[in-house]
Amino acid sequence: MLAGVLATAVLWGSSTAQAETILYVPQDNRPVSLSYTVDTARGAGYTVITPPEHLISGSNYHGEADQIWSWVDENAARADIMVLSTDTLIYGGLVDSRKHDLALPTLLNRTKSIELLHKKYPRVPIYAFGTVMRSPRASGGGVEPSYYDSYGPTIFRIAALQDKLDSEGLSEEEQKDLFSLQATVPVEFLQDWFNRRQKNMAVNRALIDATRSGVFKYFALGHDDTSSLSQSAMESRYLQQYSKGLSKQQYGSFPGADQLGLLLMARAYVDKQGTSPSFEVIYPLGGGGETLPHYEDQTIDKTIAEHIEAVGGTMTVNGRPDILLAVNTPLGKVTGESEAFENFPMISKSTNAFLDQVETAVNEGVPVSLADIAYSNGSDNTLVYGLYKRGLLYKLDAYNGWNTASNTVGYAIAQGVLGKAMSSQAHQDMLTQQYLDNWAYQANIRKDIYRMQDSIRTDNVRYTGTLNEKLQEYLVERIQDFADKYLGVDPRRVSARFPWGRLFETDISVYDEPVVPLQKEIRLAREAAERERIAREKAEQEAKAKAEAAAKAAQNGEAAGVSQAVPVTKEQ
């Protein structure tokens, strides 16, 4: 799978990637956190070691922080670089950080363990990432405390008003609204939520202190799913004040969480190269850098600048950049959802003009990484179909268009950096994985599967529940068909599954050889067998009915012969 072959390609005129070992502790076992990140790093020539997956936080079980610490202790001596999720090492995982009941001393002791790890291996750089606990408008599927399903929107509104009270003050009407809302949520739920957040704040301050003392080569603090007025935004503001004095080479705090592991692997690569890649950013006509994406509390131009700083790069507008970051934004200043009806391929002057810029750069040999953020949670069909029609899909250095805008930007920057160290096959496989996930599934197949699940069940398996086998098989067949039709990839080289038992995300695997059964053939063979069974049963039933009819006719004939016979008696 996505075989990691050390490429002979040279990045920015420097030496090729060194075959080093990264000890990687992900925030959970979702593909974006684990397999996609590891595949990309291995494709760039790294050896990546991770804890056993059954210890990593999953869809229906907690991460085992203490056992993962034991694994780290046993394997740290093998590492040239460490990329560590502090959420996993301290809470057990990203979701665990929102739901745990751990005491603050336990959390702070685990934080101290990271400092001891650095003291034990001072020559091994540690790149770490954590999160400001998110405060979503609503949530389901067990990724928040159970009461959030019912009271989440009200808690979000309470926190938003408190943020506004802290930052600019409330009107008399808003104060009344705040008091009224607080009275509608059981006090024990509010206490539980805010107490856990206070623990998260204490841990993050301790991690910032560790950054000051040199424990981390770089520490990234992500803002997981936030908005401009929210508890997360307020806490991020205070943590930003607390981090005052830290250089941008040591510390960054910006939107997103799922992209951070890969982003820091790319940062480790840049540090090893001893270079600072230059980026130029282009947008299509429309909102451009002023776009305010869903689930985030700042404009995209600021988020891009912070990610480029985090990877150790610089922004340039003059001359030839090392990487052209082409960021697809909507005509307006607010992003949409990829499932929306209007997300279908259509002729667009602004998109064509944007594609002209991309094609010109590609033809001039400028590496292009495309961050497709016009829609959240999937690709812009007009844009990617345009890439397809122009034959540009595999001429890009990287393509990303998934989940939140910051997730997409972080991956686009990281894969743009690491892609240069890949073999042509590894690079093609990386692109195939992203197109099948972001374009095929997220923007197209998922909406069809939503409709299918609505017709065969009543619970909401979009986010939780038990998957129907029919949905899984349909997913694989559609993904394989898409790979064949649009990407020119042997469909037997790709497979897909629902890794967390929900329809929100998929896990795409791209293999070196055509080793995957063709789901369409399996379906057709099953349907043929079913038709044969039905025909056989029908023939058997007809034969049985015919035999029964014949037997009945024979029986009726014998009976008629007996009743019509005239008795003959011998005359005496």
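**Helix packing, cores and buried polar residues**

Six residues of helix α10, Leu 262, Leu 263, Met 265, Ala 266, Tyr 269 and Val 270, meet Gly 410, Tyr 411, Ile 413, Ala 414, Gln 415, Val 417 and Leu 418 of helix α14. This contact divides into 11 nonpolar residues, 2 polar and no charged. The model is predicted. The points below take up the helix pair, the cores, helix α13 and three buried polar or charged residues.

**The α10–α14 pair**

- Two packed helices are described by the angle between their axes and the distance between the axes.
- Here α10 spans residues 260–273 and α14 spans residues 405–418. Their angle is about 35°, and their axes are 8 Å apart.
- The crossing of α10 past α14 is left-handed.

**Gln 415, in α14**

- Gln 415 is found in helix α14 and is one of the residues that meet α10.
- Gln 415 counts as buried because its relative accessibility is 1%, under the 20% cut-off.
- Its side chain is joined to that of Asn 400 by a polar contact of 3.3 Å.
- Beyond four places in sequence, Gln 415 is in contact with Thr 40, Leu 262, Asp 397, Ala 398, Tyr 399, Asn 400, Met 430 and Gln 434.

**Thr 37, in α1**

- Thr 37 lies in helix α1, residues 35–43.
- Relative accessibility is 0% for Thr 37, so this residue counts as buried.
- A polar atom of the Thr 37 side chain lies 2.9 Å from the backbone oxygen of Val 32.
- Thr 37 also reaches both helices of the pair: its contacts include Leu 262 and Met 265, which are in α10, and Tyr 411, which is in α14.
- Tyr 24, Pro 31 and Gly 261 are also among the residues that Thr 37 touches.

**Nonpolar cores**

- In soluble globular proteins, nonpolar side chains tend to be buried together.
- The largest nonpolar core has 94 residues. Tyr 46, Val 83, Leu 387, Leu 396, Tyr 435, Leu 436 and Ile 479 have the most contacts inside it.
- Helix α15, residues 424–456, gives the most to this core, with 12 residues.
- Another core, of 35 residues, lies apart from it. Ile 68, Leu 117, Met 201 and Val 203 are among its members.
- Leu 396 is in contact with Val 358, Val 362, Val 368, Leu 370, Leu 387, His 427, Leu 431 and Tyr 435, leaving aside neighbours within four places in sequence.

**Helix α13**

- Asn 381, Thr 382, Leu 383, Val 384, Gly 386 and Leu 387 are buried in α13, residues 381–390.
- The buried residues of α13 pack against β9 (323–328), α12 (349–363), β11 (368–372), β13 (398–400) and α15.
- Asp 380 caps the N-terminal end of α13. One of its side-chain oxygens lies 3.1 Å from the backbone nitrogen of Thr 382.
- Gly 391 follows α13 and has a positive phi, near 70°.

**Glu 144, in a loop**

- Glu 144 is found in the loop between β4 (126–132) and α6 (148–167).
- With a relative accessible area of 3%, Glu 144 is buried.
- The side chains of Glu 144 and Arg 134 make a polar contact of 2.5 Å.
- Glu 144 touches Arg 98, Lys 99, Arg 134, Pro 136 and Ser 139, not counting residues up to four places away in sequence.
- From Glu 144 to Asn 377 there are 233 residues in sequence and 20 Å in space, C-alpha to C-alpha.

Technical notes
Residues are numbered from 1 along each chain as its sequence is written. This is a predicted model: local features need pLDDT of at least 70, side-chain atom pairs count only at pLDDT 80 or more; totals for chains, interfaces and linings use all residues. Side-chain values use heavy atoms; hydrogens and water are left out. Axes are lines fitted to C-alpha atoms, for helices over the stretch in contact, and angles run from 0 to 180 degrees between N-to-C directions. Helices (H or I, at least four residues) and strands (E, at least two) are DSSP runs, numbered from the N terminus. A crossing is left-handed if the near helix is turned anticlockwise from the far one by less than a right angle, and right-handed if clockwise. Contact means heavy atoms within 4.5 Å. Ala, Val, Leu, Ile, Met, Phe, Trp, Tyr, Cys and Pro count as nonpolar, Asp, Glu, Lys and Arg as charged, and the others, Gly among them, as polar. A nonpolar core is a set of buried Ala, Val, Leu, Ile, Met, Phe, Trp, Tyr and Cys residues joined through side-chain atoms within 4.5 Å. Buried means under 20% relative accessible area, exposed over 50%, partly exposed in between (1.4 Å probe, protein chains only). A polar contact is a pair of N or O atoms within 3.5 Å; within protein, one must be able to donate a hydrogen and the other to accept it, and residues adjacent in sequence count only if both atoms are side-chain atoms.
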